[in-house]
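Q: Could you take me through one part of this structure up close? I'm in my first year, so please keep it friendly and tell me how that part connects to the rest.

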Amino acid sequence: MKRMSFMLLAVVMLSLLLCACGSGSGREPSPNYAPAEFSSIEDLRENVEGAIEEAASENAAAANAAGGYVSQNDQHNVSELAEIYCPAWIPETAELEVIRVKESYVAFYYTVGWDGDGYPQGRDELTSTFMFEWARNEATESSFNSDIAQLGLQPLNGTAGVYYCDIAWPEDDSGSPLGRQYYWVEDGYRFSMYIPIEQEAGVQFKVYEEVLVSASEGLSNQAGD
Amino acid sequence: MKKQKIKVLAIVLAVCMLCVSTAHASTTVTIKVMPDCNYQETYETFTAETNFRQALANAHYPFAYKWLISFNATFELFPEGEAVTDLCTLPAGTACTTASCGSTCSNSYSANASNHHKNLYNFFYQIDDFWHRGTKDILMGVTSVNACSNSGSGHRTGILGLAYVEGRYAVVVNNETRGMMLNVRVIQHELSHCFGCPDAECTTGQNCIMSGGFDNNYNYMLADIWCDNCESAFDVNAV
């Protein structure tokens, strides 16, 4: 009898354990947040100004603490973008589609030579988009070496410090690359650029700093009511 | 006595060898993909399935190269009127606020309650509680709405996916207006959760799919999209 009870208890415990593992009940699922998106540098500038004002406002802080609206600007530290790095070179026909911002990056996406509907999808994305990324966390020699190994990068002949990886569309039998993604470190930050093969003429790995909010503006906003 | 010891030793050795061989054996993970009504309305069913299959195929490379995991996906549509995550008149791509949609954002799901229309937790809990993966390893819900959530710190928009760590259910936002690359990274992120990878525990200075490190990387055929910490947490047998 005692043995039967023990067996029954064991079966019940095991069932409970299996149920908990199977459904994940009693746990919170992990959320994955999208980058904040801006249509232009001007749009980004306005949002940075707004985010700085919001961060300085005691009312906003109180509202957030009480469970109010948490904007994507808050999530991705947009208020800290008083200055951003921009591409000094883009392909001739490139048109800016979106600027994406996360805590860890600012990325500019362009369409290039694209006359189809909507944003290029799949294989077209590799032939008809240009991308420039500034990784916001400072790069070290060790972190860049880690990138080179993890991403399988090759040194670019004739341009010291620039590394690249050829990008092919997985389903193309030929395996011919449709574009190249380049990586380099400048001013202590890692930059990346994706260029379709056909748009590579005259490529330059140069960046410039765009001031979105001047120091005095930032300070006056932060000191505001 | 000596014979018995040898027998035990042989059994232990055999078990060890079996463990080693299964650790390196290839695994097929079956995924039931269920697009919600909004996704079906936004993209015609055939196009939606074709595009999502392509995104899933591109998402699978690192899992195959590094962990010898292949995905086998089947599609099943929700019955009409079920799994409605967006009943509001605002366009699907609109980031809602409490003021613009007039309803309270609630993460919990109840079949009869009038819930905040774009809340992704709602969709996730609905799938977790009411839809069964059956014999499949993972059930993945797909929507195209600009989803939001109401976590402890407040109402947030722009949520792209949800999954339990080492769970069998996931939801992803697959919005084709922003290109396939980001959609692929979202799928990889959520499936990595299913295999045990957590958020916010990434190795400093390394790229990782769990911290957006591949959002702007065009190479679908990478073998390694996990940092050291997440690689250690990855459990091939979790699913």
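A: Let's start at the second largest pocket of this predicted model. Its lining is made of 22 residues, and the ones nearest its centre are E37(A), N146(B), N175(B), T177(B) and R178(B). So what is the volume of the second largest pocket? It comes to about 410 Å³.

Now look at which elements build that lining. Those giving two or more residues are β2 (36–38) and β5 (94–102) of chain A, along with β6 of chain B. The biggest giver is β5(A), with three residues. Sorted by class, the lining of the second largest pocket holds 12 nonpolar, six polar and four charged residues.

Let's follow the chain A elements outwards. β2 and β5 of chain A both belong to an open sheet of eight strands, in the order β2-β5-β6-β7-β11-β10-β9-β8, with antiparallel pairing. In general, strands of a sheet pair through backbone hydrogen bonds, and they can do this in a parallel or an antiparallel way. At the edges of the chain A sheet sit β2 and β8 (154–155), each of which pairs on one side only. β5(A), the top contributor to our pocket lining, is joined by eight bridges to strand β6 (residues 105–112) of chain A, and the two run antiparallel. If you'd like one pair to find on screen, V101(A) has V106(A) in β6(A) as its bridge partner.

Further along that sheet, a helix comes in. α6(A) lies across β9 (163–167), β10 (179–186) and β11 (189–196) of chain A, and it runs at about 165° to β10(A).

Next, follow the chain B side of the pocket. β6 of chain B is part of an open sheet of six strands, ordered β1(A)-β6(B)-β7(B)-β3(B)-β1(B)-β2(B), and here the pairing is mixed. Notice that β1 in this order comes from chain A, while the other strands listed are from chain B. Which strands are at the edges? They are β1 (30–33) of chain A and β2 (69–75) of chain B, each pairing on one side only. From one strand to the next, the twist averages 25°.

Inside this sheet you can also pick out a parallel pair: strand β1 (residues 27–35) of chain B and strand β3 (residues 138–143) of chain B are joined by five bridges. V33(B) stands opposite M140(B) in β3(B).

Two helices of chain B lie across this sheet. Helix α6 (residues 120–130) of chain B crosses β1 of chain A as well as β1, β3, β6 (159–163) and β7 (169–173) of chain B, at about 145° to β7(B). Helix α7 (residues 180–194) of chain B lies across β1 of chain A plus β1, β2, β3, β6 and β7 of chain B, at about 165° to β7(B).

Helix α7 of chain B also leads us to another hollow. Together with β1, β7 (129–138) and α6 (141–151) of chain A, α7 of chain B gives two or more residues to the lining of the largest pocket. That pocket has a volume of about 1100 Å³ and is lined by 39 residues, with S104(A), N137(A), S211(B), G212(B) and G213(B) nearest its centre. β7(A) supplies the largest share of this lining, five residues. By class, the lining of the largest pocket splits into 13 nonpolar, 15 polar and 11 charged residues.

G213(B) turns up in one more place: the lining of the largest cavity, where its companions include E133(A), Y183(A) and F214(B). That cavity holds about 30 Å³ of space.

Finally, how sure is the predictor about all this? Chain A has an average pLDDT of 84, with 78% of its residues scoring at least 70. Within chain A, pLDDT is below 50 over residues 14–25, a stretch with 10 contacts beyond near neighbours in sequence. For chain B the mean pLDDT is 82, and 75% of the residues reach 70 or more. Among the elements of chain B, helix α1 (residues 2–23) has the lowest mean pLDDT, 58, and helix α8 (residues 228–233) the highest, 97. Over residues 18–23 of chain B, pLDDT stays under 50, and the model has zero contacts there beyond four places in sequence. The model as a whole scores ipTM 0.83 and pTM 0.84.

Key:
Residues numbered from 1 in each chain as written. Chains lettered and ligands numbered in written order. Predicted model: local features only at pLDDT ≥ 70, side-chain atom pairs only at ≥ 80, totals over all residues. Heavy atoms only, no water. Pairing = 2+ DSSP bridges. Helix = DSSP H or I, 4+ residues; strand = E, 2+ residues; numbered from the N terminus. Axes fitted to C-alpha atoms, helices over the stretch in contact; angles between N-to-C directions. Contact = heavy atoms within 4.5 Å. pLDDT = per-residue confidence, 0-100. 1 Å grid on protein atoms, 1.4 Å probe; cavity = no way out; pocket = protein on both sides within 12 Å on 5 of 7 lines; lining within 4 Å. Points joined across faces, edges and corners; volume = space filled by probe spheres on them. Nonpolar A, V, L, I, M, F, W, Y, C, P; charged D, E, K, R; others polar.
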